[in-house]
Amino acid sequence: MANVIIRNIPNTITCCNLFSGCIASYMALQGCYTLAFLFIVIGAGFDFFDGMTARLLHVSSPIGKELDSLADDITFGFAPAAIVFSLFKEVYYPEFLTPIAEYIPYTAFLISVFSALRLAKFNIDVRQTSSFIGMPTPANALFWGSLTVGAHNFLVSQYFNAIYLFLLVVVMSLLLVAELPMFSLKFKNLSWKSNKISYIFLAVSIPLLIIFQLSGFAAVILWYILLSIVTRKKS
């Protein structure tokens with residue numbers, strides 16, 4: 001009985017991630033962006049600990065891997081898409097877009113489509129054991145949640161409009177499946193030489209979180225993308 005319980009601890013944590021993602025999606029569709037973002041963050045916490053727990057308990061399994069991807073596509077795919085869908089209904093539309101304004105919000109679901117592609121690609125890509133190729137889905141979800149909560153007043157003002165939001169959706173969706181090497185924050189040791197990029201990333205991220213507060217995660221994700229591009233050119 002104890003062995004059965006131990007074997008299912010990681011999967012239970014993964015299900016908590018999925019449950020958080022479902023709540024986040026509902027809150028997003030209701031326009032409750034702060035709660036949606038909160039449950040995405042909670043889901044990200046569960047997503048971090050399910051893999052760690054599986055490794056510590058030596059109970060990794062094929063079903064756990066599949067369940068993890070399914071949960072991630074809800075929490076980090078559909079939930080941010082739902083946030084953007086609701087946001088599209090609030091943003092300013094230039095006059096020439098008025099005839100198709102009711103259809104444009106559905107383009108938000110490109111995020112969930114490309115997130116699913118990203119997760120499927122990750123599962124079969126042997127190059128992504130210690131780093132990433134393309135932006136991780138949790139990073140994309142945290143970007144959208146943080147941006148919408150922290151910069152909501154700007155996003156729904158006349159200084160920003162549906163065209164910019166659509167272009168941002170396209171860019172962030174393409175980054176999910178782009179052949180762009182992106183570093184991981186997994187530390188095998190604490191040496192500067194082995195983790196130089198990670199230390200630089202963290203050193204800049206902390207001030208960004210302090211300065212931008214609720215928008216801080218969005219700023220950190222943009223910094224993550226920029227640093228990945230710069231370090232790729234140097235390599």
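Here are a few notes on the core, helix 7 and the annotated spans of this predicted model.

1. Ground rules: numbering starts from 1 along each chain as its sequence is written. Local features need pLDDT of at least 70 and side-chain atom pairs count only at pLDDT 80 or more, while totals for chains, interfaces and linings use all residues, and side-chain values use heavy atoms, without hydrogens and water.

2. The largest nonpolar core (buried Ala, Val, Leu, Ile, Met, Phe, Trp, Tyr and Cys joined through side-chain atoms within 4.5 Å; buried is under 20% relative accessible area, 1.4 Å probe, protein chains only) runs to 56 residues. I40, V84, F88, Y93, M135, W144 and L165 have the most contacts inside it. Helix 3 (62–88) is among the elements giving two or more residues, and its nine are the largest share. Helices here are DSSP runs of H or I, at least four residues, numbered from the N terminus.

3. Leaving out residues up to four places away in sequence, Y93 touches F88, A101, I104, P105 and A162 (contact: heavy atoms within 4.5 Å).

4. On helix 7, A162, L165, V169, M172, S173, L175 and L176 are buried. They sit on the same side of helix 7 because their arc around the axis is only 155°, taken from the directions from the helix axis to the C-beta atoms.

5. At the N-terminal end of helix 7, N161 acts as the cap, with a side-chain oxygen 2.8 Å from the backbone nitrogen of I163.

6. An unreviewed UniProt entry lists "transmembrane region" spans, including 100–120 and 197–226; such annotations may be inferred rather than shown by experiment. Residues 100–120 are 52% helix and 0% strand, with end C-alpha atoms 32 Å apart. For 197–226 the values are 90% helix, 0% strand and 12 Å.

Technical notes: Buried means under 20% relative accessible area, exposed over 50%, partly exposed in between (1.4 Å probe, protein chains only). A polar contact is a pair of N or O atoms within 3.5 Å; within protein, one must be able to donate a hydrogen and the other to accept it, and residues adjacent in sequence count only if both atoms are side-chain atoms.
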